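The following exercises train the reading of a structure step by step. Please attempt each task before turning to its solution.

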Protein chains: 2
Amino acid sequence: MKAKRPPGPVQGPGGRAFTPRDTPQRRAIRKTIEAGARPLTPNEILDSAKSRHRGLGIATVYRNLKSLVEEGWISEVALPNEAPRYERAGKHHHHHFQCSACRRVFELEGCADAISRISAPDGFSVERHELTLFGRCADC
Amino acid sequence: MKAKRPPGPVQGPGGRAFTPRDTPQRRAIRKTIEAGARPLTPNEILDSAKSRHRGLGIATVYRNLKSLVEEGWISEVALPNEAPRYERAGKHHHHHFQCSACRRVFELEGCADAISRISAPDGFSVERHELTLFGRCADC
DNA sequence: ATAGATGCAAAGAGTTTGCATAGGT
DNA sequence: ACCTATGCAAACTCTTTGCATCTAT
């Protein structure tokens with residue numbers, strides 16, 4: 001089973017660490033992400049979470065996404081030329097697929113280990129990589 | 001040697017195709033991109049091209065980048081979580097490296113062909129891929 | 001001469017921030 | 001009770017667009 005509540009703490013403005021409060025808005029956002037079958041944009045999260053807590057504002061979504069990333073409960077999925085998406089963290093290393101028709105993003109399984117052997121020029125050190133495949137999804 | 005002038009044509013507003021005029025501003029932008037050792041952002045292009053043609057405006061840079069992409073003279077380098085960069089087109093398939101310290105983007109050579117063998121779930125078709133490596137560049 | 005190009009400023013889209021108030025602990 | 005979280009609106013950043021004017025052809 002999953003933890004009912006993200007672990008915190010996060011870094012507060014004064015440099016002080018604290019655990020974010022468990023508000024209805026934050027729960028709505030967490031449930032939305034957990035229920036999502038694919039990485040979601042802030043706007044998709046807002047729309048969907050609104051049905052769980054009406055009156056939810058976009059600023060609250062952004063603020064919670066930030067703290068949930070900081071807590072390590074979600075991670076940001078960055079794609080070329082696209083707004084970031086968010087998904088539950090803690091999965092094993094994987095990459096993503098974006099449908100060029102519907103623009104939705106899907107999770108792929110695993111990672112060809114050939115990638116981690118790609119090297120950069122002398123003096124450059126590689127820390128991580130991002131791979132995105134593009135094409136048509138099953139629906140399009 | 002390189003063509004002194006991009007080939008055109010591009011698609012005009014009326015659906016009519018035409019070749020963009022060879023203005024001093026456009027030449028300054030092209031020379032800047034050609035002289036750049038790495039993919040540049042619109043702002044980097046503006047700053048650098050200003051020294052070749054003062055008074056150049058950012059809107060002109062955006063408009064010319066768009067038509068140069070359409071002509072196939074440059075291509076857009078899209079990176080996760082980053083503003084697009086632009087580089088001369090026509091190079092062979094390659095990927096990019098971004099330094100996590102200075103944020104600059106560098107071109108890598110070639111592509112591990114293992115990547116093109118990565119497959120997506122049933123019903124999905126892969127058309128292309130983007131790979132970005134992250135780490136430290138030689139200067140940082 | 002004519003139609004596309006430019007510079008400026010205003011308009012948009014997406015994200016962040018300030019502030020008064022609500023509410024979790 | 002205290003102090004963080006929220007919602008709203010304003011601020012910001014990046015990019016696009018409208019318009020009067022300029023200019024490559």
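**Exercise 1. Contacts with DNA strand C**

Which side chain has an N or O atom 2.5 Å from a phosphate oxygen of DNA strand C?

Solution. The model is a predicted one, in which local features need pLDDT of at least 70, side-chain atom pairs count only at pLDDT 80 or more, and totals for chains, interfaces and linings use all residues. Residues are numbered from 1 along each chain as its sequence is written, chains are lettered from A and ligands numbered from 1 in the order in which they are written, and side-chain values use heavy atoms, with hydrogens and water left out.

Step 1. The side chain sought is that of B:Thr60. Such a pair is a polar contact (N or O atoms within 3.5 Å; within protein, one must be able to donate a hydrogen and the other to accept it, and residues adjacent in sequence count only if both atoms are side-chain atoms).

Step 2. B:Thr23 also places a polar side-chain atom by a phosphate oxygen of this strand, at 2.7 Å. A:Asp22 uses a backbone N or O atom instead, at 3.0 Å from a phosphate oxygen.

Step 3. Elements giving two or more residues to this surface are α3 of chain A together with α1 (24-35) and α3 of chain B. The most, four residues, come from α3(B). Helices (H or I, at least four residues) and strands (E, at least two) are DSSP runs, numbered from the N terminus.

Step 4. By class, the surface near DNA strand C holds nine nonpolar, seven polar and eight charged residues. Here Ala, Val, Leu, Ile, Met, Phe, Trp, Tyr, Cys and Pro count as nonpolar, Asp, Glu, Lys and Arg as charged, and the others, Gly among them, as polar.

**Exercise 2. Contacts with DNA strand D**

State which residues come nearest to DNA strand D, and describe the contacts with its phosphate oxygens.

Solution. Step 1. Around DNA strand D there are 24 residues, of which A:Arg21, A:Thr23, A:Thr60, A:Arg63 and B:Tyr62 come nearest. A residue is near a strand if one of its heavy atoms lies within 4 Å of it.

Step 2. Sugar or phosphate supplies 68% of the atoms of DNA strand D within 4 Å of the protein, and bases supply the rest.

Step 3. The side chain of A:Thr60 has an N or O atom 2.6 Å from a phosphate oxygen of this strand. For A:Gly55, a backbone N or O atom lies 3.2 Å from a phosphate oxygen, and for A:Gly57 a polar backbone atom is 3.2 Å from one.

**Exercise 3. The sheet**

In what order do the six strands of the open sheet stand?

Solution. Step 1. The order is β6(A)-β5(A)-β7(A)-β7(B)-β5(B)-β6(B), with mixed pairing. Two strands pair if DSSP finds at least two bridges between them.

Step 2. Because β6 (105-107) of chain A and β6 (105-107) of chain B each have a single partner strand, they stand at the edges, and one side of each is left without a neighbour in the sheet.

Step 3. Within chain A, β5 (residues 96-99) and β7 (residues 125-136) pair in the parallel sense over four bridges. A:His96 stands opposite A:Thr132 in β7(A).

**Exercise 4. One residue**

Is B:Phe18 buried or exposed?

Solution. Step 1. B:Phe18 lies in strand β2 (residues 17-18) of chain B.

Step 2. Its relative accessibility is 39%, so B:Phe18 counts as partly exposed. Buried means under 20% relative accessible area, exposed over 50%, and partly exposed in between (1.4 Å probe, protein chains only).
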